[in-house]
Structures are given as C-alpha cells and as structure tokens.
Amino acid sequence: MSSNLAQKLRCGTQQAHAAIENVGFMKCFVKGVVDRDCFAKFLGNLYYIYTALEAALERHKDNSLINGVYFKELNRKAHLEKDLEFYYGQDWRKKITPSKAAQTHISRIHELSAKEPALLIGHAYTRYMGDLSGGQMLQKVAQSVLKLSGYEGTSFYNFDQIPDKKAFKDKYRQTLDELPIDDATADKIVAEANNAFHLNMQMVQELEQTLIQAIGQTMFNTLSNTNNTGSTELSTA
C-alpha cells in the first residue's frame, strides 16, 4: 500500500514554499546579503527548534510511523552547537535565547509529541528536506559573503553522513510513500507541514529588523521587492 504522502506533501506545501521564499530576509540571503550577527541569531533559533524536534523524534522512534522516517544521520543539533561556538565562543549557551516565534514553534513540537506524534513527520519533512535542498545553496552564500573556510560557521548545512543527498532524498520520499497511513492522517500531516512552514516564516520575519539595522531600509526594500516562484524546497534552512 502506498500513501503517496511524499507527493501530497510536495504539492500540498507549494504555496507555503513560495510564501517563505518571498520573505524579505530570505530574498536578501539568496541575493548574497547576509549579516553575520543576523545569521548567528538565525542559527541560534534553529538550535532550540532542532533540539526540541530531535528529542521528540527520538522519544517516538518506536512509533510505527515515526520509525519509518527516523534517520539519525539527519540530526542537526550537534552541528548547530559547533556553529554557535564559532560565532559566540565557548560560553555561547549564556549568550543566546530563543525568540518569541521560536518559542511558539517549540511549544507546538512539544504539544505534538505529547498528543499526536505522527504529525511530527510534517515538521521533519519541512526542515530536513529544506536543509538538504535549498539549504545547500544558502550554505554556499554564507561561506562566500562571510568569508568562511570549510564548514566553519556553517556546519549546520554539512550532512557529513549523507554523501549522496539526491539519493537520500529519493529514499526519504519513498519511505514517506510507504508509510501505512490512511488519507485522513496524510491530510493532517500535510496540514501540519504547512503549519511548520508558517512557524518558520514567523521566525525568519522576526530577524528582518536586525537585518535592516545592518544594511539599511532602502537596500532591504530594493532587495525584497521581487517575487520568487517557490519551487526550490528552500524551507528556512
């Protein structure tokens, strides 16, 4: 039995993809305008979100649905810890806090873990597929603009245990399609994936004021005054 969940997620989140790619912060990022402080705050928020998400997935790894898409090689928490130490020093934990939007996102993950763990699949899909897709392009931009060597400061994007990202993404989609779920559950997972995109978008939007302070309102307006098509699985990573 095939649930066609991967196809449903791809088609069902296209508008959400387009919306987040057209947030000013992301459009500036794609065009090579990256502020070091803003990027560090971005990674800091992601650290708290991935800490919550990966703990929830670990907790429910024996769940019949979660088990199918539980791949430890995707875990980002340890990579983010490296990046945060690079930007903030060894005492980085004392220097960062999750933003309001990140806290809302984390609360939703905790809620699902307690009540409807299967819907965590929507969050995992949204984050990890974006990290493996458009996130790889963002890593190159950050490396270039911030003049970083190797993966220093961008370890988050380094999937060192996944040498062939395309093959892994194909495997991940196949696994999603093979999950033993009914249409109603699939629809709920797609709806939650859209919610995950919305929560990610709110988090990114919060950072725009920091970016504007760094580059100026006029430049920000100029760079963000075009629309993207939303076809790259960019997510927020």
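1. The lining of the largest cavity in this predicted model divides into 8 nonpolar residues, 1 polar residue and no charged residue. The residues that line this cavity are Leu57, Val69, Tyr70, Phe71, Leu74, Asn75, Ala124, Tyr128 and Tyr172, and since Tyr counts as nonpolar in this division, the polar member of the lining is Asn75. The volume of the largest cavity is about 50 Å³.

2. A search of the whole structure finds 2 cavities of 30 Å³ or more, and the second largest cavity has a volume of about 40 Å³. Around this second largest cavity lie Phe25, Phe29, Val33, Val34, Asp35, Cys38, Phe39 and Leu211. Two elements give two or more residues each to this lining, namely helix H3 (24–30) and helix H4 (36–59).

3. As to the character of the second lining, its residues divide into 7 nonpolar, no polar and 1 charged. The charged residue is Asp35, whereas Cys38 is counted with the nonpolar residues, as are Phe25, Phe29, Val33, Val34, Phe39 and Leu211.

4. Turning to helix H2, which spans residues 14–21, the buried residues are Ala16, His17, Ala18, Ile20 and Glu21, where buried stands for a relative accessible area under 20%. Glu21, which belongs to the charged class, is thus listed among the buried residues of H2, together with His17.

5. The buried residues of H2 pack against two helices, H3 and helix H10 (183–206). Helix H3 therefore appears in two places in this note, as a packing partner of the buried residues of H2 and as a contributor to the lining of the second largest cavity.

Key:
Residues numbered from 1 in each chain as written. Predicted model: local features only at pLDDT ≥ 70, side-chain atom pairs only at ≥ 80, totals over all residues. Heavy atoms only, no water. 1 Å grid on protein atoms, 1.4 Å probe; cavity = no way out; pocket = protein on both sides within 12 Å on 5 of 7 lines; lining within 4 Å. Points joined across faces, edges and corners; volume = space filled by probe spheres on them. Helix = DSSP H or I, 4+ residues; strand = E, 2+ residues; numbered from the N terminus. Buried < 20%, exposed > 50% of the residue type's maximum accessible area, 1.4 Å probe, protein only. Contact = heavy atoms within 4.5 Å.
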